[in-house]
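Student: Could you take me through one part of this model at close range? I would like a connected account rather than a list.

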Amino acid sequence: MPKLGTICPLGYVDTLNGKCSTMGLANYTLQPTNGKACSPGWMNVGGGYCRQK
């Protein structure tokens, strides 16, 4: 997945090519925060993303 900021979301590894990857360990449903709080049922995982709980 493309990296939005300088860090990758929690649970993701920086692949050093502008992307973040779980390295096949897990699949998460993410959505960009767009500078706002996460919707109910979502948690902020950093890197400008929210992850579905």
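Where does threonine 22 lie, and what surrounds that part of the chain?

Tutor: Happy to! Please keep in mind that this is a predicted model. Threonine 22 is found in the loop between β2 and β3. With a relative accessible area of 10%, threonine 22 falls under the 20% limit and is therefore buried. If we set aside its neighbours within four places in sequence, threonine 22 is in contact with Gly11, Tyr12 and Tyr28.

Two of those partners deserve a look together. The structure holds 1 aromatic pair. This pair consists of tyrosine 12 and tyrosine 28, whose ring centres are 5.8 Å apart; their planes meet at 50°, so the pair is tilted. The angle is neither under 30 degrees, which would count as stacked, nor over 60, which would count as edge-to-face. The two rings link distant parts of the chain, 16 residues apart: tyrosine 12 sits in the segment before β1 (13–14), while tyrosine 28 belongs to the loop between β2 (20–21) and β3 (30–32).

The two tyrosines also fall into separate accessibility classes. Tyrosine 12, at 15% relative accessibility, counts as buried, whereas tyrosine 28, with 32%, is partly exposed. Tyrosine 28 has a further partner in arginine 51, which lies over the face of the ring, at 4.2 Å from the ring centre.

From tyrosine 12 we can step along to strand β1, where valine 13 has its place. Valine 13 counts as partly exposed, at 39% relative accessibility. Together with Met23 and Leu25, Val13 forms a nonpolar patch on the surface, and the accessible area of these residues comes to about 340 Å².

Strand β1 also holds aspartate 14, which pairs with lysine 3 from the segment before β1, so parts that are 11 residues apart in sequence are tied together. The pairing is a salt bridge, with the closest N and O atoms 2.7 Å apart, and the structure holds 1 such bridge. Both ends count as partly exposed: lysine 3 at 25% relative accessibility and aspartate 14 at 31%.

To come back to your question, threonine 22 is a buried residue in the loop between β2 and β3, and its contacts include both tyrosines of the tilted pair.

Key: Residues are numbered from 1 along each chain as its sequence is written. This is a predicted model: local features need pLDDT of at least 70, side-chain atom pairs count only at pLDDT 80 or more; totals for chains, interfaces and linings use all residues. Side-chain values use heavy atoms; hydrogens and water are left out. Rings of Phe, Tyr and Trp (its six-membered ring) pair if their centres lie within 6.5 Å; planes under 30 degrees apart count as stacked, over 60 as edge-to-face and the rest as tilted. Helices (H or I, at least four residues) and strands (E, at least two) are DSSP runs, numbered from the N terminus. Buried means under 20% relative accessible area, exposed over 50%, partly exposed in between (1.4 Å probe, protein chains only). A charge sits over a ring if NZ of Lys or CZ of Arg is within 6 Å of the ring centre and within 35 degrees of the ring normal. A salt bridge is a side-chain nitrogen of Lys or Arg within 4 Å of a carboxyl oxygen of Asp or Glu. Patches are made of residues with over 30% relative accessible area and no salt bridge: like charges are joined within 9 Å, nonpolar side chains (Val, Leu, Ile, Met, Phe, Trp, Tyr) within 5 Å. Accessible areas come from the Shrake-Rupley method with a 1.4 Å probe; for residues, only the protein chains shown count as cover. Contact means heavy atoms within 4.5 Å.
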